[in-house]
Structures are given as C-alpha cells and as structure tokens.
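Subject: Structure for you to look at

Hi,

Here is the structure I said I'd pass on. Have a look at it first, and then read on for what turned up.

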Amino acid sequence: MDTIKITVNGTAYEVPEGGTVLEACRAAGVDIPTLCYDSRTEPYGACRLCVVEIEKLRGFPVSCTTPVEGGMAIRTDTDEIREIRRSIVELLLAAGEHDCISCEASGICTLQKLAYDFGIDKPRFELEKTDKLVDDGNPFILRDDRKCVRCGRCIRACHEVRGQGVIDLVNRGYDARVGTVFDRPLHEVDCAFCGECIQACPVGALLDKKSRFKGRDADTEKVKSTCSYCGVGCQTVLHVADGKVVRVSGAEDVPPNYGMLCVKGRFGFDAYQHPDRLTTPLIRVRPDDSVVYNREDLVDLTFRRATWNEALDYTVKRLTEIIEKNGPDSFAMASSARATNESNYAAMKFARMVIGTNNVDHCARA
Ligand code: SF4
Ligand code: SF4
Ligand code: SF4
Ligand code: FES
C-alpha cells in the first residue's frame, strides 16, 4: 500500500495514500468527533463537527470531505476548533427536544456523548421550537423528529446501503427534516422495513418500536448469532435482557451482510422465544402412546416430545423398513432455503449416497 507523510498536531505520521483527512487522522490514531460520517456511504459534510485546521488552507475545512495529501500539517484540537464544535453541539441541543431520561439511545447516543465531553450543562442558545413530527404509523419504526440532528445518515443508509431510497430531506433551512414523498407514512411508500436507517442513526431519533422500554444498550447482553430465517446466514447481534431477545442488530464489519438485515432478521425476533417454538423433536403417537407406523393409522394422533436419540433411532428404523420394502426411490428429500448451503449439500448427499435416490428437491428451485 502506498503511503504519504503528514503531521497531525505536530507529530509526524505515515498514513495510507488516498482517502480523506479524517480517515488519515484516524489511521494515525488521532480521533476527530463526527456525527454525520458513515464509513459505508459517500462523505456528506453536514454536521461540520469534524472541522480541522490545515496549514496553508484558509478557514476550518471539514475533514470528512477534504482529500488528504502528502505534506499536510493538520491540527485537530485547537481552542478555536473546540469552540466551533462546542457551539455546534449546543445549537443541536437547543434545536431539539432531548430528554435523555427516557430516550432509548441514552448511553450510545453520539450527541449525548459530545455534550458530556464538552461539559455542556445547558446550551447557551435558545431556539424557537418548530412543530416536529413523531411518525408512529407503522409497526416497526418510530421516527421522533424532536431528536433528529439532520445528519442525513438514515437517508444515505436507505439510498446507498439498502438501495431503497424512500426517505430524503424535505423543506429547507430550519424547517428541513427527513420525510417521504408527499409525507406519506413509511408503509405506503416502498419501505422494505429493513431498519438500516435505525442502525445508522447516531441519536435516538429512529427507534425499533418492538424494543422500546425493554432494555437500553447498557442493560442488554450482546450475543453474536446467525439469522436462521434464510440460507444467506446474515450475522446478527442479539440484544438480550432477562433471558429474552429484545432487539436485533446487524453485525458490522463481517460478511456476508456487513450490518445489513432484512425485515425478518431485524424485527422477526418474537419467533425465537415464542411458546409454540419447537425446542425438542416430536414423534407422532396414538392416544395410547404407541408409535405410528402406517398411513392408515393417521387418525386421532397426537405428538409426543422425544429426545434426539429417540427421534433419530425412530427415523433410521422407519427409513430402513420403507426402503427395504419399496426401494430407494420411494424416498424423497425436500430441503429448505432456510437451511445453510452446507446443510443443503449434506441433505443432497444423504439422499444420493446413503439412501440411493435422485429424488431431491428444494423450495428455492425456480
Ligand atoms: S437523542 Fe441523545 S441527546 Fe437526545 S434525548 Fe436521546 S440520548 Fe439524549
Ligand atoms: S427501513 Fe429500510 S427501506 Fe425503510 S426507510 Fe429505513 S432504510 Fe429505507
Ligand atoms: S433520523 Fe437520525 S440518522 Fe436520520 S437525519 Fe435524523 S439524526 Fe440523522
Ligand atoms: S462528520 Fe464531517 S461534517 Fe459531519
């Protein structure tokens, strides 16, 4: 990888060539606060929190959109820079209605952290509050405009990460806010309810409605898992409180989904702890608990819980009997798109190599 030499706050660093001043500073181990920056989307330059000073450049360039060049002398933490950042945070706090006490994002909110880091007790400014929308008209996503900092991350996530493009900035200036075409509710536009916008939001303006008041981030244990709704195998983080999954987020930085999820993976977590969920094998039995062997016996039947050994022994016995009596082609293997490729491969091999039939089918067959 080609590198360039820069100095940051008087110290010399060698960093990868290309990219932005923000990325170069972070590569050098110097952090710069950001709010609108999202490494997965094009630089946007909306919040201006990431301003720096660069020798021979006038003013305070925004580091997340300024290309880095060899020989740059960058300053990230002067009194003037701190004052600019502090004023931005105060204006954002003054423009919204931030009640951290009941906010789901408390503890992981970037604005809250910035306010704390700058020691802001109460913003110096008072701004007139405009009517702010609370969009509660769909089953999954709550948009609370009172807490929105207009960073545009949800919009870019919807357009550039998800590729859906159903939300955008509407109105101008102080009245600008995130909305849909003709302000129609999300379920009336082409929203996929993937929740990518929730995951991208750095504050508490977008919430997973099903998770609300069930456990903030600090109150939940994070368990890495694999979504079982289909064979893509998206990597998830289950947020668990009191032994129950209360929220699911996409695991970032790992394939195949890099944080993205679909509506089932993100919001379909009720099924994991539903009382009807099968947790043991079941064997179909007669009322007197005797096992059913023939189709003619399929009357007045019930299911009995079984151990895996019992269920596997029963399956082996029945398959052996059927194949001995009717031949291997009396057997068919129907596999599932919800299983992994590896499981489907093993199922196919089992049918062809162990049973001896080519009767193999799958629900994802076109
Ligand atoms: S969005 Fe952040 S700053 Fe606003 S109320 Fe929630 S936690 Fe507090
Ligand atoms: S849920 Fe997905 S499709 Fe709907 S607005 Fe959010 S990012 Fe866009
Ligand atoms: S809803 Fe969240 S992500 Fe979207 S613009 Fe507002 S603060 Fe940014
Ligand atoms: S992070 Fe650079 S302008 Fe927002």
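Before the strands, one definition: two strands count as paired if DSSP finds at least two bridges between them. Keep in mind as well that this is a predicted model.

**Strands**

With that in hand, take β5 (residues 134–135) and β6 (residues 141–144), which are antiparallel partners held by 2 bridges. V134 has D144 in β6 as its bridge partner. The two strands make a hairpin, with 5 residues lying between β5 and β6. β6 also runs antiparallel to β9 (residues 206–208), and 3 bridges join that pair. On that side, R143 sits opposite L206 of β9.

**The ligands**

There are three ligand surroundings to go through. Ligand 1 first: the residues around it are H98, D99, C100, C103, A105, S106, C109, L111, Q112, K147, V203 and G204. By class, that shell splits into 6 nonpolar, 4 polar and 2 charged residues.

Ligand 2 has 14 residues around it, and the ones that come nearest are C158, Q164, C191, C194 and C197. Two elements, α4 (153–162) and α5 (196–200), each give two or more residues to this shell. Which of them gives the largest share? That is α4, with 3 residues. The shell around ligand 2 comes out as 10 nonpolar, 2 polar and 2 charged residues.

For ligand 3, the count is 13 residues, with C148, C151, C154, C201 and A205 coming nearest. Its shell holds 10 nonpolar residues, 1 polar and 2 charged.

**Domains**

The domain assignment gives domain 1 as 3–77, domain 2 as 221–275 and domain 3 as 282–362. If you measure between C-alpha centres, domain 2 and domain 3 are 30 Å apart. Each side puts residues into the contact: 5 from domain 2 and 5 from domain 3. What classes are found on the side of domain 2 that touches domain 3? The residues there are 2 nonpolar and 3 polar, with no charged ones.

**Backbone details worth a click**

A bit of background for this part: most residues other than glycine have a negative phi, and most peptide bonds are trans. Two spots in the chain go the other way. D242 is a residue other than glycine with a positive phi, near 50 degrees; you will find D242 in the loop between β11 (235–241) and β12. The peptide bond that joins P255 and P256 is cis, with omega about 5 degrees. P256 belongs to the loop between β12 (244–250) and α6 (263–267).

**Helix α8**

Last, a helix with a length check. α8 covers residues 341–355, and at 1.5 Å a residue its 15 residues should span 21 Å; the C-alpha atoms at its ends are 20 Å apart, so the two values agree. The expected span is 1.5 Å times one less than the number of residues, which is why 15 residues lead to 21 Å. α8 also has a kink of about 25 degrees, centred on K349. Right after the helix comes G356, with a positive phi near 95 degrees.

That's what I have for now. Shout if you would like to go through any of it together.

Cheers

Conventions:
Residues are numbered from 1 along each chain as its sequence is written. Chains are lettered from A and ligands numbered from 1 in the order in which they are written. This is a predicted model: local features need pLDDT of at least 70, side-chain atom pairs count only at pLDDT 80 or more; totals for chains, interfaces and linings use all residues. Helices (H or I, at least four residues) and strands (E, at least two) are DSSP runs, numbered from the N terminus. The bend at a residue is the angle between axes fitted to the seven residues ending there and the seven starting there. A residue is near a molecule or strand if its C-beta atom, placed from the backbone, lies within 6 Å of it. Ala, Val, Leu, Ile, Met, Phe, Trp, Tyr, Cys and Pro count as nonpolar, Asp, Glu, Lys and Arg as charged, and the others, Gly among them, as polar. Domain bounds come from an automatic or database domain assignment. Two residues are in contact if their C-beta atoms, placed from the backbone, lie within 7 Å.
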